[in-house]
Amino acid sequence: MEGQELPAVLIDCVGGKRGVYEDHAEFLEKYFRLITMKEYLENKSLGRKIRAVYQWFHKPVVNQELLQSLPNLEVVASAGVGIDHLDLRLLSSRGVKVSNTPLVVSTDTADLGMALMLASSRRIVEGHQIAVSPNTQHFAADWLGTEVSGATLGIVGMGTIGYKVAQRARAFEMKILYYNRRQRNKEEEGAVGAIYCKKIDDLLRQSDFVLLSVNLTPQTHKLIGKRELELMKPTATLINISRGLVVDQDALVEALQNRVIKAAALDVTHPEPLPRDHPLLKLGNVVLTPHIGSATRQTRRRMMEGMLESIQAALAGLPVPNEVLP
């Protein structure tokens with residue numbers, strides 16, 4: 001594209017805790033003129049040049065105010081699977097396409113789901129603390145966890161991530177139940193030994209581990225509340241790798257404190273991070289990770305490359321890979 005002006009793409013910033021990784025920015029600059037939010041705010045006339053927003057973990061925030069100042073915006077490429085932070089109807093009304101990166105994150109997120117299950121059931125975080133404590137003089141023979149192999153796993157949301165969790169769980173000889181908007185075909189079910197539950201209640205009653213892998217929508221908002229938690233076994237563990245608002249957090253705290261369920265392992269909460277005095281941070285039967293489902297160098301690189309492809313396709317008037325429709 002020598003001699004031709006590169007298309008302008010708005011990003012939040014480069015580097016730091018939440019910015020576009022420096023090596024990613026260096027790669028993207030071969031194809032785009034990157035404009036940071038700071039540059040844009042200092043010179044809003046740049047808004048007319050911006051044709052795409054590269055939204056790295058919800059930043060920059062795309063709202064009506066920003067859209068009004070970007071008259072030539074054609075596409076918002078959003079990192080990750082969830083798009084609950086975007087107003088799809090508003091964007092569509094302005095002729096702006098939206099893309100995400102659903103497939104590239106599925107393997108790592110499924111891996112993390114299994115890691116959380118194992119960490120909680122085998123009490124790995126507690127075990128580490130005992131092993132490194134200066135006060136530990138011996139290892140107690142009655143310090144026990146819960147077996148995963150042969151247990152029943154209930155997967156709520158059998159999309160790409162949920163199905164990959166099932167593939168991994170099969171290697172642990174787990175009995176797999178699932179609840180989903182649509183039933184998988186018999187071949188897919190047979191490949192992982194999964195049994196479809198028409199009602200989520202049936203899954204909750206039977207499962208030793210309940211893993212949530214759904215998109216956040218009005219229908220899944222607080223899908224797991226007090227009633228659902230009380231349906232679960234008192235020996236069951238809740239694992240959430242979807243979105244924090246899929247669970248009624250107040251009801252979860254109460255259920256964990258009162259031993260309505262045994263434990264929870266959460267990669268997502270609401271808000272993120274939780275306030276430092278939140279009760280979930282103080283419970284011994286909770287394992288928390290800082291929303292790291294896709295957090296490997298390889299996957300984040302593939303996410304960037306997928307977002308690049310989506311922007312290029314949109315600007316060329318071609319079908320947009322992983323386009324999200326309202």
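The exercises below work through one helix, the nonpolar cores and two loop residues of a predicted model.

Residues are numbered from 1 along each chain as its sequence is written, and side-chain values use heavy atoms, with hydrogens and water left out. Because the model is predicted, local features need pLDDT of at least 70 and side-chain atom pairs count only at pLDDT 80 or more, whereas totals for chains, interfaces and linings use all residues.

**Exercise 1. Describe the span and the burial of helix α5.**

Solution. Begin with the naming: helices (H or I, at least four residues) and strands (E, at least two) are DSSP runs, numbered from the N terminus. Helix α5 covers residues 106–121, which is 16 residues, and it reaches 23 Å from its first C-alpha to its last, close to the 22 Å expected at 1.5 Å a residue; the expected span is 1.5 Å times one less than the number of residues. Next, take burial, where buried means under 20% relative accessible area, exposed over 50%, and partly exposed in between (1.4 Å probe, protein chains only). By that cut-off 12 of the 16 residues of α5 are buried, including L112, M114, L116 and M117. Finally, look past the helix, where R123 follows with a positive phi, near 55°.

**Exercise 2. Identify the residues with the most contacts inside the largest nonpolar core, and the helix that gives the most to this core.**

Solution. A nonpolar core is a set of buried Ala, Val, Leu, Ile, Met, Phe, Trp, Tyr and Cys residues joined through side-chain atoms within 4.5 Å. The largest one has 49 residues, and Y54, L153, I155 and I311 have the most contacts inside it. Helix α12 (residues 297–315) gives the most to this core, with 7 residues. Apart from it lies another core of 31 residues, among them L204, L212, L231 and A236.

**Exercise 3. Place T136 and S242 in their loops, and state whether each is buried or partly exposed.**

Solution. T136 is found in the loop between α6 (124–132) and β6 (152–156), and its relative accessible area of 26% makes it partly exposed. The side chain of T136 reaches the backbone oxygen of I130 at 2.6 Å. S242, in turn, lies in the loop between β10 (237–240) and α11 (249–257), and counts as buried because its relative accessibility is 6%. A polar contact (N or O atoms within 3.5 Å; within protein, one must be able to donate a hydrogen and the other to accept it, and residues adjacent in sequence count only if both atoms are side-chain atoms) of 2.6 Å joins the side chains of S242 and N240.
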